[in-house]
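Reader: I would like a close look at the empty spaces in this model, with what lines them. Please add enough of the surrounding packing to place them.

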Amino acid sequence: MSSSLIRIFVITSIIALLASCGGGSGGSSGAVASGSTGSTNPTPTPTPTPDPVVPLTSTQAARFLGQTTFGVTSDDINKVVASGYGSWIDTQFNAPQKMHRSYMDTISATLPTGTSLSQNQFFESFWQQAITGDDQLRQRVTYALSQIFVVSFQDSTVNNYPRGVASYYDTLASGAFGNFRVLLENVSLHPMMGIYLTSLRNQKESGTRVPDENYAREVMQLFTIGLTQLNQDGTPKLNNGKPLETYSNADITGLAKVFTGWSWAGPDKSDNRFFGGNADPDRDWKPMQSYPKYHSTSDKTFLGVTIPAQTAANPEASLKTALDQLYNHENVGPFIGKQLIQRLVTSNPSPQYVSRVAAAFANNGQGVRGDMRAVIKAVLLDTEARTDASATTTSAGKLREPVLRLANWMRSFSAKSTTTRFLLTNLDDPLSAISQTPMRSPTVFNFYRPGYVPPNTTIASANLVAPEFQITGETSVVGYLNFMRDVIPNGVGSSSGVVQSGSTSTRDVKADYTNLIALADTPDKLLDQISLLLTANQMSATLRNQILTAVNSVAIPTNSTTNADAARKNRVYLSIFLTMASPEYLTQK
């Protein structure tokens, strides 16, 4: 690649991304959190929304796939064009789930004596499924849920249970197409959540000791109802111009009692097992079990309901009452629905869009509340989601977060793992990697908050939010560009680290550019294909001309086959890099 051209383009991209689009503070805020896979109830599948009579175009299909998969491929475009949006979603709903825990168990059996599983094996499984999985919609929705129901390897205790985290991610994947009430219970009883938000080994009040309130607070604030009472369109309810709170400290105190007396699963309920002794070999993934001895037996009052003392001794009954109360709260539909819209479609959905999704949460058309399939369809098939980008407002869309960018490159360009294991490790470093790793959120508030507003920006002036900008700054932008400039031609991942210095021959994951190299002699056609896969043909004429100028500057010699092949490859690398560095790609619209 021409270093001078790249340098000019990189500077232009940084200015466009950080100044015009709004910039970022470069880091998540919020307190750091301390550190069941139950059966799912069948949920009636909503009646498929009829597809439009007019056949879909490749551009429309590519834009849809940018919201529903980890990366657009030509094959997926053809499937969506042939079947329509609704039918494609229905097919995805029926795709079988592959378990991350099964992969962890398989790898564990091959490890040398004295060697244990680590978070790296989960990363391998994550990337394998994200890139090669046929259930792309489940993969994308699960990743969105993992940023709502946060558990993180950055917690030192959670980090000791990589198989447990794999199981937790499986729980989210199972719940992605199930019922929200079942998902909420399975999350609440999973031992990894118990560790992360300290509900595991939580004891009833005694003397000066009071129940741990961590999970009680976050299950309301982050997982179900939020801080502010909401109208069904997601706007806050006001009293004298001020938002009404959804709960008080008294509600936290009362709900905290519900989450006492839960600890590790096992064949008995001894004190030793409650406190972690006599460990069951599968306790890292089996749902937490109740220990009545340690469960609060006093009145539990929260959110307008009271569990009286005479029935409070039953932990399961207390839990059911609490989760039912949360699940049926009028805030859940707009609160969760809006976040799914933000993760999949746009950072700033209209109140009408949120209201339609909340309505699907309240009733899937068959009288069922919390049907995630109905919610997902409402999110993806809404008029605002499917309106052509050229007709959307300037506030439409969202910034693509780093994990999605790397995944887009791998899927769109047929990346293959030499080992079949996708040996990527920690990607947190903002200079040498992409500043984001799945399941390594720095806080329980995710990598970024859904309501984050970049300060002193045009986004703030317009009263808009831009969540992903919370992890976007000069350092992370430059780091991403440097990372992709190396990865696009050389590949990513190795047994010794994310990107191996020196020789690139040992990179584990490499793209297959065969089809693009065949187009390199006709830069217009080359860029057409890249623009379709990466930007759904939303590349501006200005950007297109800039990239074509750069590509045409790489001459293809006629006197050397070897040099000609190298030039064709460089044209491909340059086209992809300049596209992935551009605001047109970085902003999903």
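Author: What follows goes from the whole chain to the pocket, then to the cavities and the packing around them.

The model is predicted. Its chain contains 26 helices and 10 strands. Of the 589 residues, 56% are buried. The exposed area comes to about 22800 Å², and carbon and sulfur atoms account for 52% of that area.

The largest pocket has a volume of about 790 Å³. Its lining is made of 32 residues, and Leu230, Phe335, Lys338, Pro450 and Gly451 are the ones nearest the centre. Two elements, α15 (332-344) and α16 (351-362), give two or more residues each to this lining. The largest share, 5 residues, is that of α15. By class, the lining of the largest pocket has 15 nonpolar, 14 polar and 3 charged residues.

Phe335, one of the residues nearest the pocket centre, is also touched by glutamine 221. Glutamine 221 belongs to helix α11 (residues 214-221). Is glutamine 221 buried or exposed? Its relative accessibility is 14%, so glutamine 221 counts as buried, the cut-off being under 20%. Apart from residues up to four places away in sequence, glutamine 221 touches Gly226, Leu227, Tyr247, Phe335 and Phe445. For the pair glutamine 221 and tyrosine 247, the separation is 26 residues in sequence and 8.9 Å in space, taken from C-alpha to C-alpha.

Next come the closed spaces. The largest cavity holds about 130 Å³ of space. Its lining has 18 residues; Ala62, Gly66, Val72, Arg400 and Leu534 lie nearest the centre. At least two lining residues come from each of α2, α19 (402-412), α23 (523-535), α26 (583-586) and β10 (587-588). Helix α23 supplies the largest share, 4 residues. The lining of the largest cavity divides into 7 nonpolar, 7 polar and 4 charged residues.

The second largest cavity contains about 80 Å³. It is lined by 11 residues, and the closest to its centre are Pro402, Arg405, Ser476, Val477 and Tyr480. Helices α19 and α21 (474-490) each give at least two residues to this lining, with α21 giving the most, 3 residues. Here the division is 7 nonpolar, 3 polar and 1 charged.

Two parts of the surrounding packing connect to these linings. Helix α2 (58-68), which supplies at least two residues to the lining of the largest cavity, is among the elements that the buried residues of α4 pack against. The others are α3 (74-83), α7 (136-146), α17 (372-381) and α18 (383-386). Helix α4 (residues 85-93) is itself mostly covered, with 7 of its 9 residues buried. Those buried residues are Tyr85, Gly86, Trp88, Ile89, Asp90, Gln92 and Phe93.

The other part is the largest nonpolar core, which has 156 residues. Trp127 and Trp409 have the most contacts inside it. Helix α25 (residues 561-580) gives the most to this core, with 8 residues. The position of tryptophan 409 falls in the range of α19 (402-412), an element named above for the largest cavity. Beyond its neighbours within four places in sequence, tryptophan 409 is in contact with Met484, Val487, Ile488, Gly491, Val492, Val509, Ala511, Tyr513, Ile576 and Met580.

Technical notes. Residues numbered from 1 in each chain as written. Predicted model: local features only at pLDDT ≥ 70, side-chain atom pairs only at ≥ 80, totals over all residues. Heavy atoms only, no water. Buried < 20%, exposed > 50% of the residue type's maximum accessible area, 1.4 Å probe, protein only. Areas by Shrake-Rupley, 256 points an atom, 1.4 Å probe, with all protein chains shown as cover. 1 Å grid on protein atoms, 1.4 Å probe; cavity = no way out; pocket = protein on both sides within 12 Å on 5 of 7 lines; lining within 4 Å. Points joined across faces, edges and corners; volume = space filled by probe spheres on them. Nonpolar A, V, L, I, M, F, W, Y, C, P; charged D, E, K, R; others polar. Core = buried A, V, L, I, M, F, W, Y, C linked by side-chain atoms within 4.5 Å. Contact = heavy atoms within 4.5 Å.
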